[in-house]
Amino acid sequence: MKSLGLINGNLVDLDENVISMEDRGHQFGDGVYEVTKVYNGRCFALKPHLERLYRSLRAIRIPATYTFEELVEFHELLIEKSGIVEGAIYLQITRGVAPRIHSFPEQVVPCLTMSIRPAGKVNKELWEKGVKVTLIPDERWLRCDIKSLNLLPNILGKQQAKEAGCYEGVMVRDRHVTEGTSSNFFVVKDDVVWTYPASPLILKGITRTIVMDQLAKELGITILEKAFETSFIKDASEAFLSGTSTEIMPVTMINGNKVGDGEVGPITRKLQMAYTRLIDEECERK
Ligand code: PDD
């Protein structure tokens, strides 16, 4: 079992020097990406991840030079050749390699790089007991719906959260709580789940969509896509994050204040269990 890379369809070792200095991803962050989890040797929710990848490519006008089937094949190849059973696959497509000018170079060929690494299960203790988060200003651009390589505000926000002893930084724009630096954010009040509406101001997470369109429906939980202010959190009984790596993570403390009674609430717990069951089913995990 070892981490592996794949560049434009060819397998490589992750420490091989194979990316050009003048790749536009390297120089401008001119590209898009996806992260997919592997459970029991199978990709979870690969189809919606690839559909979002094509939407991101269209949004920044990078031509799609690989078919859906080819991308699926590359994911399977990485799993097979690495022998990784529990892991994460990172995929990025940049506009390609060209001398550095801002406008799109002519006849440039997009560059696809992928990697697979082992990823352990989500931290059991945090999953059981919940995490602390801190509120930070949302300093990103106005197209957060594109899964672009430009992640500086997210990186700085995550580091700020880490230094504050928190698992995640949850961002606030115009007094409204948008999302985490690498996750979506939800609160529960009066048995209704609230989350920021899908819009250019957040990433429409695949896990978020699974929670909303599948799990909540199955469990009869009402979810509202409605912006709420930071003051609303004081009255929330529960809060949680969702994301590919984060899965469904209870939030029990925000800016040093307990959420509800500070324990993981029943709605969050039900969603966590249902998400685990869905992974078990889709990836045939025992
Ligand atoms: N991050 N919001 C942001 C800003 C994100 O970066 C992510 C994912 C999410 C959750 O999306 P999904 O459920 O599709 O993973 C929400 C990935 C995992 C990352 O950057 O590593």
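A polar contact is a pair of N or O atoms within 3.5 Å. The model here is predicted.

Q: What makes the pairing of Thr207 with the ligand a polar contact?
A: A polar side-chain atom of Thr207 lies 2.6 Å from a ligand oxygen. The cut-off is 3.5 Å, so the pair counts as a polar contact.

Q: How do you know that Tyr33 makes a polar contact with the ligand?
A: An N or O atom in the Tyr33 side chain is 2.7 Å from an oxygen atom of the ligand. The limit is 3.5 Å, so this pair qualifies.

Q: What makes Thr244 a polar partner of the ligand?
A: Its polar side-chain atom lies 2.5 Å from a ligand oxygen. That value is within 3.5 Å, so the contact counts. Taken alone, the ligand exposes 470 Å², and the protein buries 90% of that.

Q: Which residues of the shell are closest to the ligand?
A: Tyr33, Glu179, Ile206, Thr207 and Thr244 are the closest of the 19 residues that surround the ligand. By class, the shell has four nonpolar, eleven polar and four charged residues.

Q: Why is the ligand said to lie between domain 1 and domain 2?
A: Domain 1 (4-118) and domain 2 (124-282) both give residues to its shell, so the ligand lies between them.

Q: Where does the ligand sit?
A: The ligand sits in the largest pocket.

Terms used. Residues are numbered from 1 along each chain as its sequence is written. This is a predicted model: local features need pLDDT of at least 70, side-chain atom pairs count only at pLDDT 80 or more; totals for chains, interfaces and linings use all residues. Side-chain values use heavy atoms; hydrogens and water are left out. A residue is near a molecule or strand if one of its heavy atoms lies within 4 Å of it. A polar contact is a pair of N or O atoms within 3.5 Å; within protein, one must be able to donate a hydrogen and the other to accept it, and residues adjacent in sequence count only if both atoms are side-chain atoms. Accessible areas come from the Shrake-Rupley method with a 1.4 Å probe; for residues, only the protein chains shown count as cover. On a 1 Å grid over the protein atoms alone, a cavity is a set of points where a 1.4 Å probe fits but cannot get out, and a pocket is an open set with protein on both sides within 12 Å along at least five of seven lines; lining residues have an atom within 4 Å of a point. A molecule sits in a cavity or pocket if more than half of its atoms lie within 2 Å of its grid points. Ala, Val, Leu, Ile, Met, Phe, Trp, Tyr, Cys and Pro count as nonpolar, Asp, Glu, Lys and Arg as charged, and the others, Gly among them, as polar. Domain bounds come from an automatic or database domain assignment.
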